[in-house]
Amino acid sequence: MALTMTDVAEGRPTIAPPRVAEVAGGQRTSEEFDELPSKLSVRGLDFFYGEERALCGNSLEIKEHRVTAVIGPSGCGKSTHIRCYNRIYELYRDHKAGGEIWFGGRNILEPGTDLLELRRRIGMIFQKPSPFPMTVFDNIAYGLRLHFKLSKGELADRVEDALRRAALWDEVKHKLKEPGLALSGGQQQRLSIARAIAAEPEVILMDEPCSAIDPVATAKIEELIEQLKSQYTIVIVTHNMQQAARVSEYTAFFYEGYVVEFGPTTQIFENPREKQTEDYITGRFS
Amino acid sequence: MSTLESEVTPGIARRRGVADAAPRRRVFRPADPIFRWLTIACGATVAVAMFALAGVLVVDSWQAITTLGLEPLRTTAWNPGGGEYGALTSLFGTFVTTLIAMAIAVPLALAIALLLVELIHPLAGRVVGTTIEMLAAVPSIIFGMWGIFVVVPLMQKYVEPWIQESPLGRLSVFGGTPMGLGVFTAGVVLALMILPFVTAVTRDVLRMVPQVVKEAGHGLGATTFEVMRSISMRYALSGIAGAVFLGLGRALGETMAVTFLIGGDVNTIPRSLFDPGTTIAATLANTFSEATDPLHVSALIELGLILFLITMVFQLVAQAWLRRARRMSGSRA
Amino acid sequence: MSAGAQTPSQRSVQTLAPARRRSVARRRVVNQLVTAGAWVAATIGIAVMGWIVVTVVRRGIGAISWSFFTELPPGPGEAGGGLANAIVGTVVITLGAALIGIPVGFFAAVYLAEFGRGGRVATAIRTITNVVLGVPSIIAGMFAFAILVKPLGHYSGLAGSLALAFIMLPVMTRTAEDILNLVPNDLRESALAIGAPRWKATMGVIVRSARGGLITGAILAVVRVSGETAPLLFTALSSPYWLEGLFGPAGYAGGPTANLTKTVYDFATSPYQNWQDLAWGGALLIIVAVLGVNVLARLVFQRGKEWH
């Protein structure tokens, strides 16, 4: 790792572009990039909050079993963008999306899409860890009970499985009956991850998952992301460039609702094609 | 102004351009403490009023309490002319009408609150919300008149016979001769009267559920109802309990509408919901102004004392639940 | 960290059999049924409201006439007459109640919002206010009966006012406190920071900025109390005569005072058609006044929560 945990804990700033993590089999060229299968294919995505346009013609490819980071300054539309993937914006009346997002052979922005199944297959972790007001066990079991018919034993097995995959099992196995809110911030976030994993998603969206938790817990989650990507496809929004460099293979740089540049993380950070990207990477604005 | 001062505050002196500063207002020093004491006194007035009420009720019912002992709580016939002071019928009627009212109003209120918080377009929501709030403003006597002139004939001619002909009619609780007036009708109209209150408190409590948690639920692929049932309700449970107890308190003390609809002078516990009955409030309304015998008056005041104590308990419990709801949402927000 | 969970994903995938899925269609149907149920419930509420208004208007409009507002009640079965004395009586009794209830309630709210914040005394007063709010209105009447009717030996409009004031007081306190709490703290602090004495800061600045809401709250409290019947049942009772002065047998403090709600109650429960018609007219007047003021207040000052 280019930066150590101590660097992270002490908030060391970088002015030069950070060194990118060596990922086993990491893609670094455009040709290799294009050959990989896309899990999600975004084409011309627009988004409106009422009359106000927030996203303009976004096009991206989210590659399977890779981590894609979405970076950019505050208010550039990163969260808005990934919230289109699971159509969570549908909860709000005047939020509208246009364009196409291809997932599993279908355009999920089409009216007839089964949202319940979509949201099972594309899970979401929010910035603020938000355990349900239930026990740890019930938090994980929530998604399971929603989507599956399971016996008590099967349920317990799957809860344990999800907690193991989220690297939380050892810490909470004696606390399953305690309220989810009793866990620490970092644990709550891993609980949210376990909760999403339990529903057997294919994609996990993470909207600034580490913003509200301490640096040590952040490091644990970054390790977890590393482990998870062999099973899932991960998209992570982050305002922390170093984090993006550490965990992702691909990075998309957003600015004011546009995808300014998208490509392998090494290329974005070492060799950005756009001046805006370079300015952002080198900290000229944030 | 001395030359010393004009050195110290040259700006002011220059601005004034004149030796004298503006004369200071004489500050009326006692004003603030007087004001404070005025507000405390007014705040204390409500406490004085409550204790005065409690005191007066106890004092004026003392004669009945000592003379009658436990008789009111053990016998059903309220016939002061004949020396009988059984309050059980009134108590029974009070509780049963309240129960019927809650059984109808609470599910309706939950449904409407769900609609207002999750399901409805903001503009339509304002219309629905305002209409329900208007319902709360309708005075009790109007409900009573509407009840007796419109609802009672409907009950007598259509609803009660219909129930009796349905499988429910086999239950003795729906037996008797349908007269329209009675415990059932009173309960139904009472439900409509407390509906707005329970709805409003429930709606406010549901609005306190943090948006992130609801999004997390939806994000897992839950339907709106599923999020409401498993997540929102858990957050809102204390608040809804508070709302229910508030509704109970109001229903217990409701007078005019019930007096119109429940049927009046009754001395036995009704065997069917369609029979007439009476409540404490209705008994008071019907007989208080005609009571002349001091023991009679005292007994009626004793009934009032009982009603006061019951509603006070429910109100306190409701407040406790609502405080708990506010604390919980505060700590989780 | 959990180094032992090296490749937990792979291990788990092998040990878990694929699970049977719950029917999405069924979950959807349940959701739709509940949504439909919610709409039905709302429709019931609105329908009842409309039904009541329509009923009162239909039955009461015929009784509204010039004489309704100017003449005394007729005898049973006689033609003509009106509820003029009852209308006047209600106005007088309600105003009498407001004279105590509004100012005392207001200043109590000032205490709770400005001085008491968080203290034990304030919490106690708030709890007691809530309890008094929950006292059935007929018990308020009993209170006034015990204090003013029994000792003096006669019913009076004044006793009615006392009973209504008992009800009005906590309503006004709660409403006013809510409204005063809406005033931003910055305003409070800047008023005091200029060096204004507490009472001036409160009355001049804070109350003035909350003036609209307070006036609305006061009007709503008064209007709400004017529709009450139970507290007047054994305090002001009713009377077929005009109100005459203060202390005589037909006076405000001297004898039973006609009022709209009790008269409507008496006439509605009587067997005489002309009286019932007048009762509906009275009901129409009551509902127009109460609902009309409520709607107007809402339009003029956009806040809810006036009806606790």
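# Briefing: chains A, B and C

In chain A, 70% of the contacts between residues at least 6 apart in sequence join residues that are at least 24 apart. Keep in mind that this is a predicted model. Below is a quick tour of chain A, then of where chain B meets chains A and C, then of a couple of helix pairs and two single residues.

**Chain A: the overall picture**

- Chain A has 12 helices and 11 strands.
- Of the 286 residues in chain A, 50% are buried.

**Chain A: an open sheet**

- One open sheet in chain A is built from four strands, running in the order β2-β1-β4-β5, and the pairing is antiparallel.
- At the edges sit β2 (52-63) and β5 (106-107) of chain A, each of which pairs on one side only.
- β5(A) is joined to strand β4 (residues 95-103) of chain A by two bridges, in the antiparallel sense.
- If you want to find that pairing by residue, look at A:Trp102, whose bridge partner in β5(A) is A:Asn107.

**Chain A: a covered helix**

- Helix α5 (residues 136-147) of chain A is mostly covered, with 10 of its 12 residues buried.
- The buried set in α5(A) includes A:Val136, A:Ile140, A:Ala141, A:Leu144 and A:Leu146.
- A:Asp138, A:Asn139 and A:His147 are also among the buried residues of α5(A), as are A:Tyr142 and A:Gly143.

**Where chain B meets chain A**

- This contact involves 23 residues from chain A and 18 residues from chain B.
- On the chain B side, α9 (211-219) and α10 (224-253) each supply at least two residues.
- α9(B) gives the most to that side, with six residues.
- By class, the chain B side that touches chain A has eight nonpolar, six polar and four charged residues.

**Where chain B meets chain C**

- Here 64 residues of chain B are in contact with 71 residues of chain C.
- Plenty of chain B helices join in: the elements giving two or more residues to the chain B side include α3 (31-68), α5 (88-119), α6 (122-137) and α7, and also among them are α8 (183-207), α10, α12 (280-287) and α13 (294-332) of chain B.
- α3(B) gives the most to this side, with 17 residues.
- The chain B residues that touch chain C split into 43 nonpolar, 16 polar and five charged.

**A helix pair across chains B and C**

- Helix α7 (residues 140-165) of chain B packs against helix α2 (residues 24-60) of chain C at an angle of about 80°, and their axes are 10 Å apart.
- α7(B) and α2(C) therefore count as roughly perpendicular to each other, since that label covers angles of 65 to 115 degrees.
- The residues that meet are B:Ile142, B:Trp146 and B:Val150 from α7(B), and C:Ile52, C:Thr55 and C:Val56 from α2(C).
- That contact has five nonpolar residues, one polar and no charged.

**A helix pair inside chain C**

- The axes of helix α4 (residues 84-115) and helix α10 (residues 211-226), both of chain C, come within 10 Å and cross at roughly 135°.
- α4(C) and α10(C) are therefore oblique to each other.
- The crossing of α4(C) past α10(C) is right-handed.
- From α4(C), the contact draws on C:Thr90, C:Thr94, C:Ala97, C:Ala98, C:Ile102 and C:Phe106; from α10(C), on C:Leu214, C:Ala218, C:Val222, C:Val225 and C:Ser226.
- Eight nonpolar, three polar and no charged residues make up the contact of α4(C) with α10(C).

**Two residues to click on**

- C:Val293 is in helix α12 (residues 273-300) of chain C.
- C:Val293 is partly exposed because 18 other C-beta atoms lie within 10 Å, and a buried residue would need 20 or more.
- Beyond its neighbours within four places in sequence, C:Val293 is in contact with C:Ile219, C:Leu220 and C:Val223.
- C:Val293 and C:Thr261 are 32 residues apart along the chain, and their C-alpha atoms are separated by 17 Å.
- B:Asn286 lies in helix α12 of chain B.
- B:Asn286 counts as partly exposed, with 14 C-beta neighbours inside 10 Å.
- Not counting residues up to four places away in sequence, B:Asn286 touches B:Thr259 and B:Gly264.
- The C-alpha atoms of B:Asn286 and B:Pro139 are separated by 19 Å, with the two positions 147 residues apart along the chain as the count of places apart.

Notes: Residues are numbered from 1 along each chain as its sequence is written. Chains are lettered from A and ligands numbered from 1 in the order in which they are written. This is a predicted model: local features need pLDDT of at least 70, side-chain atom pairs count only at pLDDT 80 or more; totals for chains, interfaces and linings use all residues. Two residues are in contact if their C-beta atoms, placed from the backbone, lie within 7 Å. Ala, Val, Leu, Ile, Met, Phe, Trp, Tyr, Cys and Pro count as nonpolar, Asp, Glu, Lys and Arg as charged, and the others, Gly among them, as polar. Two strands pair if DSSP finds at least two bridges between them. Axes are lines fitted to C-alpha atoms, for helices over the stretch in contact, and angles run from 0 to 180 degrees between N-to-C directions. Angles under 35 degrees count as roughly parallel, over 145 as roughly antiparallel, 65 to 115 as roughly perpendicular and the rest as oblique. A crossing is left-handed if the near helix is turned anticlockwise from the far one by less than a right angle, and right-handed if clockwise.
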